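Dear colleague,

I am handing over the structure below, and after it you will find what came out of looking at how its parts touch. Please read it alongside the coordinates on your side.

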There are 2 protein chains.
Amino acid sequence: MSFDYALEATSGQARAGRFNTPHGPIQTPTFMPVGTHGAIKAMTPDQVQATGAQVVLANTYHLALRPGEGLVEKLGGLHAFMQWPGPILTDSGGFQVFSLPSAQINDRGVRFTNEVNGDTMDLTPERAMEIQNTLGADIIMAFDECTPYPATRKLAATGVRRTLMWMERCLAAHQRADQALFPIVQGSTFPELREECAKELVAMDSPGYAIGGVSVGEGHELLCEVTRHAAPLLPDNKPRYLMGVGLPEDLIACVGFGIDMFDCVIPTRYARSATVFTARGRIRLTHRRYRRDTYPIDPSCECYACQDGRFSRAYLHHLFNANEVLSAILCSIHNVHFYTQLMTSARNAILAGRYPEFASRFLEGYQRDSKKPSKARGR
Amino acid sequence: MSFDYALEATSGQARAGRFNTPHGPIQTPTFMPVGTHGAIKAMTPDQVQATGAQVVLANTYHLALRPGEGLVEKLGGLHAFMQWPGPILTDSGGFQVFSLPSAQINDRGVRFTNEVNGDTMDLTPERAMEIQNTLGADIIMAFDECTPYPATRKLAATGVRRTLMWMERCLAAHQRADQALFPIVQGSTFPELREECAKELVAMDSPGYAIGGVSVGEGHELLCEVTRHAAPLLPDNKPRYLMGVGLPEDLIACVGFGIDMFDCVIPTRYARSATVFTARGRIRLTHRRYRRDTYPIDPSCECYACQDGRFSRAYLHHLFNANEVLSAILCSIHNVHFYTQLMTSARNAILAGRYPEFASRFLEGYQRDSKKPSKARGR
């Protein structure tokens, strides 16, 4: 049966589960690589699959503008269009539109200027559902108001009010039983607003729930505080998706708070500047110290770039300096593999009932040689 | 035994053969993708192998400047560096250096300014051998003077004189028995200079021979005229490599004149502007007509991008417009596959004794829907 979720094990607050979709099951916790324009940057779909990724994300806003959801539908829907055989999730487009300089927001929705052709356009709950119904992803997201950080209580309360009102309109507009519509808990850093929002949304008995309004500049500590508080407000028997998060240490912490699904552009974005993740921390292959380094990115890694000691750090350093896109390709393969395997290891630890120990050991090894994490995050 | 060549069949002047190298045999005729900086642009080595490519080319000039041949050697040589398990060919670096504005050429060699660090550098026959011996390719090229087009007879004669003199110095300097040194026939468009140059080089009994000074702006007709004349000047029992050629119609014509090996940047360079080759001609996927086209690049093609009708032209059109590098990746996979399969089909036709019919039929189908070939060629 589609969209049923089975909670398989817990370890502390951490959860291992299985969420069924029309394009196959998702074992959680899981990381979803981001394919903004219907393509994970610098990777072919088979390379994405080979990393162990189970589900990918595509951006409604970008696809609606170009090539247009009608064309994607004509080409057989999003799965056929981007040749991804597994589950796909689309966001609502709201996050991108709210950040446009031209955005004018009111209770009806948001009006903005189309970046591609200059037209004035509206995005409303109804339109967000129409686009996502037409694209055809397995999981679609409610049109919410993502409160920026920092925010006054008044602004955050307006966000919650609109998010709840718009969710009712999304439910009314949503047309396809083969797509799971996830509402999004807003409320910024105000616990009572998060509680109010979660309570109202849970009453709607959706197939899964998201926590939004994070990864907007609040930093690791506040992200943890909000997630630790908000995750238990959601039902045990539904998957929980933390939107736009994050760095490996964020994922490890938030799995520990009971989150099941993550998405983030970090692995592929960092890959394009030859910044890669290893069990011992993050390294920048552009640094001179890697010019003659014969080791692979991570000797313990089994991705295509690392396995059998294949591509040396020195080669990757050279490729980046020579502007060869193979640098981004190999670093993307490695980083997405790192994220998916991190979630696989977390899942195995939860199934074995020892997630807290796993998390401590990972963080100890990971930070030992790591540089200070930069503040750059991305959704 | 390394570097022996077996002529397996002929059909007209076209030849099917097998050339052994320390990293495996090369079945000819063959096309060699170009990996300028030690990487075929936008492709992983396993994607290159999956196209059927047997041997790849890397550029001595670029690798000597960055990362330096000594570092490549420290990292295990060119095969380990770029993780290409099959045969590799390096050029001498002369072609790139001669085209630098700073190049000063005399009988000793060429003096030029290093683009990367501004140093004054010399490239001589001895230095070209030293770099190529250090890089460690299976096939290395003589340091020759590539005469530009058009050229006076006097300039072409100087090119031949230097090419012959420098070949003697290359032979004296070349240190490794596990690398085959190919001399290069120059002489521009002057038949008697080509004859003189070929005669002297053939007397040196090299493991293979190249024809250079083509693909320098002379156009298809003159390329054919020079190749038709020069190929038979070379021994039957050695492979013949036509440098920097070309478009599919050039390869088909020159296989017919008895050429065994080709290299060109065209398949990967064109791929980056979403220009792809099909059995019915070349198409530009950026054209509006492909915006809604549900067919793969070439329905008869079995490359990763086309097989099972996988990626639509509309998707590739979209990826290019969205600046997604996956456009270049998929188009490169397709184009290199097109070139390698064209050579495989040519070889099969030669083995079956019907190359002229194959060539006619290919050209008829290929040009039927093709746009006029542009003048842009590249080495």
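In this predicted model, the contact between the two chains draws 28 residues from chain B and 27 residues from chain A. On the side of chain B that touches chain A, the elements giving two or more residues are helix 3 (69–74), helix 12 (313–321) and helix 13 (326–351) of chain B, and of these it is helix 12 of chain B that gives the most, with five residues. By residue type, that side of chain B comprises 15 nonpolar, seven polar and six charged residues.

There is also a contact within chain A, which is divided into domain 1 (5–268) and domain 2 (271–366). The C-alpha centres of these two domains of chain A lie 27 Å apart, and 30 residues of domain 1 of chain A are in contact with 33 residues of domain 2 of chain A.

On the side of domain 1 of chain A that touches domain 2 of chain A, two or more residues each come from strand 1 (5–11), strand 2 (14–21), strand 4 (30–35), helix 1 (45–50), helix 10 (248–255) and helix 11 (266–272) of chain A. Helix 10 of chain A gives the most to this side, with five residues, while the residues of this side as a whole divide into 16 nonpolar, 10 polar and four charged.

With best regards

Conventions. Residues numbered from 1 in each chain as written. Chains lettered and ligands numbered in written order. Predicted model: local features only at pLDDT ≥ 70, side-chain atom pairs only at ≥ 80, totals over all residues. Domains from an automatic or database assignment. Contact = placed C-beta atoms within 7 Å. Helix = DSSP H or I, 4+ residues; strand = E, 2+ residues; numbered from the N terminus. Nonpolar A, V, L, I, M, F, W, Y, C, P; charged D, E, K, R; others polar.
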